Amino acid sequence: MGFLIPFLMCAVFLFVWFALCKLFLAIYTFSVKRALLRSPCLDKNSAAALLSVDFGAKSLFRGRWFPERTPNGTMYREIPCILLFGRKLFVLELCPYPGLISNTEEESWHIDPPKEYRRKKEVRVPNPVLLAKERAEILKELFDVLNLPFEVSVESMAILTDKRHSLQNPAGEGLYKLPEAAVFLSDFASKSKPSQKKMKREEERVLAVLERYSLSRARAVARNDRMRRKKK
């Protein structure tokens, strides 16, 4: 039995090393997440990084352009952030807006910046709730045409990532603060766990569709330019 002792020692060493690596990774992930959540302002990339820590980089599909039917033909439009949970997609509009936000149902919002941002008295931005819904419709139309063997559900969420904001209409629908959005999405992810294997296969298929039918910014802009020149 003496010849087994070195093998047992190696096995114990590898187990301890693996456990320590997982512990250090968990501590690092917790520290990064805590630092991001404590930050008063997260830009779109930082907010996406936080979502990636929560749900995994493979669940986040970013910076791609998708085909949209228009009167001028098929044009490509950017959908900056998509979160995947199996056959469920969330189109996320990340909004790093400080100041007083006039969140109305109009196509654009007025923002009164804080005093330290007084270079401009007022800022106008596209209504992120409507923008997220429009982008979600592009994906809905795409999956309707493809007719996959399972139904793909697409929802939209506009998420405020700057803590230094206030809303004229706090009860407005479709708009979430970042912590609220994280809790909502985490609850949905936990409910999806019982069918995790099936969800994984469906997610891989949905991801393959997103990769196949989307373009990078450079290629999308080039195609849009060619389409515009043809219509002149």
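## Exercises on a predicted model

The side chain of Asn-103 has a polar atom 2.6 Å from the backbone oxygen of Asn-169. The model is predicted, so local features need pLDDT of at least 70 and side-chain atom pairs count only at pLDDT 80 or more, while totals for chains, interfaces and linings use all residues. Residues are numbered from 1 along each chain as its sequence is written, and side-chain values use heavy atoms, with hydrogens and water left out.

### Exercise 1. The surroundings of Asn-103

Determine where Asn-103 lies, whether Asn-103 is buried or exposed, and which residues Asn-103 touches.

Solution.

1. Locate the residue: Asn-103 is in the loop between strand S4 (99-101) and strand S5 (108-112). Helices (H or I, at least four residues) and strands (E, at least two) are DSSP runs, numbered from the N terminus.
2. Classify the residue: buried means under 20% relative accessible area, exposed over 50%, and partly exposed in between (1.4 Å probe, protein chains only). Asn-103 has 7% relative accessibility and therefore counts as buried.
3. List the contacts, meaning heavy atoms within 4.5 Å. Leaving aside residues up to four places away in sequence, Asn-103 touches Trp-109, Leu-167, Gln-168, Asn-169, Gly-172 and Leu-175.
4. Look at the side chain again: besides the atom pair with Asn-169, the side chain of Asn-103 reaches the backbone nitrogen of Gln-168 at 3.4 Å.

### Exercise 2. The sheet

Work out the order of the strands in the open sheet and find which strands stand at the edges.

Solution.

1. Write down the order: five strands form the open sheet as S1-S2-S3-S7-S9, with mixed pairing. Two strands pair if DSSP finds at least two bridges between them.
2. Find the edges: strand S1 (60-70) and S9 each have a single partner strand, so one side of each is left without a neighbour in the sheet.
3. Add the twist, which averages 45 degrees from one strand to the next. Axes are lines fitted to C-alpha atoms, for helices over the stretch in contact, and angles run from 0 to 180 degrees between N-to-C directions.
4. Examine one pair: S1 and S2 run antiparallel and are joined by ten bridges. Thr-74 in S2 is the bridge partner of Arg-69.
5. Place the helices: H4 packs on the sheet, where H4 touches S2, S3, S7 and S9, and the direction of H4 makes about 100 degrees with that of S9. Helix H5 (residues 196-213) lies across S1, S2 and S3, at about 60 degrees to S1.

### Exercise 3. The buried side of H4

Identify the buried residues of H4 and state which elements they pack against.

Solution.

1. Pick out the residues: Leu-178, Ala-181, Ala-182, Leu-185 and Ala-189 are the buried residues of H4.
2. Explain their placement: they cover an arc of only 100 degrees around the axis (taken from the directions from the helix axis to the C-beta atoms), which puts them on the same side of H4.
3. Name the partners: these residues pack against helix H2 (44-55), strand S2 (73-85), strand S3 (88-95), strand S7 (153-160) and strand S9 (175-177).

### Exercise 4. A loop residue

Describe the place and accessibility of Asn-72.

Solution.

1. Asn-72 is in the loop between S1 and S2.
2. Its relative accessible area is 46%, so Asn-72 is partly exposed.
3. The C-alpha atoms of Asn-72 and Lys-230 are separated by 9.4 Å, although the two residues are 158 residues apart along the chain.

Notes. A polar contact is a pair of N or O atoms within 3.5 Å; within protein, one must be able to donate a hydrogen and the other to accept it, and residues adjacent in sequence count only if both atoms are side-chain atoms.
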